[in-house]
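Here are some exercises to work through with the model open in your viewer. Try each task before you read its solution.

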Amino acid sequence: MTYLVGIQIRAEDSVGFANEFESWTKPLFAELGATSVRLSQTIYGGDTAGVMLAAATFDSIQTAAELEKNMNADPRVGETMAKTGAQRVGRSLLVVRSERGELSGEYGSALMISSTSQPTEEETQTMADEGWAIMEDHVNGIRQGQMIAAGERTGMWVAGTYTDNLDELMTGSAKLFADPNTQQNMARFGNQLVSRSIFRTLV
């Protein structure tokens with residue numbers, strides 16, 4: 001099973017923070033057990049506009065927790081936060097439920113979805129296949145996860161979609177939500193769209 005830790009950060013100098021992240025923070029994540037690491041920044045997202053998200057995946061929750069402890073002990077973390085005027089504003093843990101395509105691209109969107117019932121693993125993978133059949137000509141990849149430690153958002157689903165063309169992404173999204181099968185599944189599981197944000201990949 002794959003887990004994803006998302007750390008939200010506001011910084012006065014986001015360019016400087018991204019440079020530091022690329023030069024030593026990302027390699028340190030990998031050294032301490034992360035299987036993938038990326039940094040993005042919200043372009044459009046209401047009051048989250050400008051917030052950066054450091055997202056890292058792990059094979060276990062314990063590995064993620066140990067990394068957090070070890071990184072906080074590294075003096076470079078505090079130095080970088082002070083130098084770039086950065087402040088951590090949130091940290092959440094998700095379990096990855098499905099991935100399709102290539103999880104790369106200059107841009108992307110994040111959908112937050114609430115639900116009243118839980119699909120089985122087989123149902124989750126079937127719906128991911130059906131959604132990808134609609135979206136694959138418009139985007140690079142899609143990852144779906146469910147928040148398991150995220151405060152009041154625990155239990156919600158997050159769909160991260162990666163693209164190099166935001167117009168194509170929105171075209172595909174419109175097709176997906178207009179699809180009768182998608183609408184049927186959303187009604188079946190009591191799904192409600194809570195929010196959408198659009199981001200740019202920094203590192």
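**Exercise 1. Find the strand that holds S92, then list its contacts beyond the sequence neighbourhood.**

Solution. Keep in mind that you are working with a predicted model.
- Step 1: S92 has its place in strand β4, which covers residues 86-101.
- Step 2: Set aside the neighbours within four places in sequence, and the contacts of S92 are L4, V5, G6, A149 and A150.
- Step 3: As a distance check, select the C-alpha atoms of S92 and D59; they are 16 Å apart in space, with their positions 33 residues apart in sequence.

**Exercise 2. Count the helices and strands of the protein chain and write down their order.**

Solution.
- Step 1: The count gives 6 helices and 8 strands.
- Step 2: Reading from the N terminus, the order is β-α-β-β-α-α-β-β-α-β-β-α-α-β.
- Step 3: Now ask how compact this chain is. Its radius of gyration is 17 Å, close to the 17 Å from the globule rule for 203 residues, so the chain is as compact as a globular protein of that length.
- Step 4: Along the principal axes, the C-alpha atoms fill a box of roughly 55 × 35 × 30 Å.

**Exercise 3. Work out which strands pair with β3, and say how enclosed β3 is.**

Solution.
- Step 1: Start with β1 (residues 3-11), which pairs with β3 in the antiparallel sense over 7 bridges. One pair to look for is Q8 with its bridge partner L53 in β3.
- Step 2: Move on to β2, which is joined to β3 (residues 52-58) by 6 bridges, again running antiparallel. Here V37 has A56 as its bridge partner in β3, while R38 has A55.
- Step 3: Finish with burial. Of the 7 residues of β3, 6 are buried, so this strand is largely enclosed by the rest of the structure.

**Exercise 4. Trace the pairing of β8 with β2 and with β5.**

Solution.
- Step 1: Between β2 (residues 36-44) and β8 (residues 192-201) there are 4 bridges, and the two strands run antiparallel.
- Step 2: Check two positions. Y44 has I198 as its bridge partner in β8, and Q41 stands opposite R200.
- Step 3: Turn to β5 (residues 107-114), which pairs with β8 over 8 bridges in the antiparallel sense. A pair to display is S114, opposite Q192 in β8.

**Exercise 5. Is S40 buried or exposed, and which residues does it touch?**

Solution.
- Step 1: Locate S40 in strand β2.
- Step 2: Compare its relative accessibility with the cut-off: buried means under 20%. At 8%, S40 counts as buried.
- Step 3: Leave out residues within four places in sequence. What remains in contact with S40 is V51, M52, L53, F199, R200, T201 and L202.
- Step 4: Place some of these contacts on strands. The range of β3 is residues 52-58, and that of β8 is residues 192-201.

**Exercise 6. Compile the burial and contacts of S109 and A159.**

Solution.
- Step 1: S109 lies in β5, and A159 lies in strand β7, residues 157-163.
- Step 2: Both are buried: S109 has a relative accessible area of 3%, and A159 has 11%.
- Step 3: Beyond four places in sequence, S109 is in contact with A159, G160, T161, L169, S197, I198 and F199.
- Step 4: Under the equivalent exclusion, A159 touches S109, A110, L111, R143 and Q144. The S109–A159 contact therefore appears in both lists, as contact means heavy atoms within 4.5 Å whichever residue you start from.
- Step 5: For a pair further along the chain, take A159 and A30: they are 129 residues apart in sequence, and their C-alpha atoms are separated by 24 Å.

**Exercise 7. Summarise burial, contact range, surface and charge for the protein chain.**

Solution.
- Step 1: Of the 203 residues, 43% count as buried.
- Step 2: Take the contacts with a separation of 6 or more; residues 24 or more positions apart account for 77% of them.
- Step 3: The exposed area is about 10400 Å², and carbon and sulfur atoms supply 49% of it.
- Step 4: Count 16 positive and 26 negative charges; their mean positions are 5 Å apart.

Terms used:
Residues numbered from 1 in each chain as written. Predicted model: local features only at pLDDT ≥ 70, side-chain atom pairs only at ≥ 80, totals over all residues. Heavy atoms only, no water. Rg over C-alpha atoms; globule rule 2.2 N^0.38 Å. Buried < 20%, exposed > 50% of the residue type's maximum accessible area, 1.4 Å probe, protein only. Areas by Shrake-Rupley, 256 points an atom, 1.4 Å probe, with all protein chains shown as cover. Lys, Arg positive; Asp, Glu negative; His and termini not counted. Charge placed at Lys NZ, Arg CZ, Asp CG, Glu CD. Pairing = 2+ DSSP bridges.
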